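Trainee: I'm new to this one and would like a close look at a single part of it. Could you pick out a patch on the surface and walk me through it, then show me how it fits into the rest?

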Amino acid sequence: NDLTIISAYKNTKIPYGCCEISKGGALKSIKEKPNFQFLLNTGFYIMKKNLIDHIKKNQPTDMDKFINILLKKKKKIKVFPIPEKHWIDFVEEKNA
């Protein structure tokens, strides 16, 4: 890979019934307390050294924008998922 994004599974349970509606507002379905699983970007990356050439010197670079540039350049990017319990969001822990 040119870039590997370390990601973590995150399960989120909604404690309410959720309504799915049509454009006109008619109820299509209702799901009681659904659980969703997302694959989150942990902010950890493994990249080939030559990718640094794509970063402008002495300018801040947002990783999401940088990754989109790499996608447009057809670079090989993959995601390495880890279990939710193996990752702690420092910001989340700080506010807990």
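**A surface patch and its setting**

Mentor: Let's start wide and then zoom in, keeping in mind that this is a predicted model. Take the contacts between residues at least 6 apart in sequence: 63% of them join residues at least 24 apart. The chain builds 2 helices and 5 strands, and reading from the N terminus the order is β-β-β-β-α-β-α.

Now for the overall dimensions. The C-alpha trace spans about 50 × 35 × 25 Å along its principal axes. The radius of gyration is 19 Å, whereas a compact globule of 96 residues would come out near 12 Å. As for what is tucked away, buried residues account for 16% of the 96. The accessible surface adds up to about 8000 Å², and carbon and sulfur atoms hold 57% of that.

Here is the part you asked for. On that surface, Tyr9, Leu39 and Val79 together make a nonpolar patch of about 250 Å². Let's follow one of its members, Val79. You'll find Val79 in strand β5, which covers residues 77–82. Is Val79 buried, exposed or partly exposed? Its relative accessibility is 46%, so Val79 counts as partly exposed, because that class lies between the 20% limit for buried and the 50% limit for exposed. To find the patch yourself, go to strand β5, pick out Val79, and then look for its patch partners Tyr9 and Leu39.

Definitions and conventions. Residues are numbered from 1 along each chain as its sequence is written. This is a predicted model: local features need pLDDT of at least 70, side-chain atom pairs count only at pLDDT 80 or more; totals for chains, interfaces and linings use all residues. Side-chain values use heavy atoms; hydrogens and water are left out. Patches are made of residues with over 30% relative accessible area and no salt bridge: like charges are joined within 9 Å, nonpolar side chains (Val, Leu, Ile, Met, Phe, Trp, Tyr) within 5 Å. Accessible areas come from the Shrake-Rupley method with a 1.4 Å probe; for residues, only the protein chains shown count as cover. A salt bridge is a side-chain nitrogen of Lys or Arg within 4 Å of a carboxyl oxygen of Asp or Glu. Helices (H or I, at least four residues) and strands (E, at least two) are DSSP runs, numbered from the N terminus. Buried means under 20% relative accessible area, exposed over 50%, partly exposed in between (1.4 Å probe, protein chains only). The radius of gyration is taken over C-alpha atoms; the globule rule is 2.2 Å times the number of residues to the power 0.38. Contact means heavy atoms within 4.5 Å.
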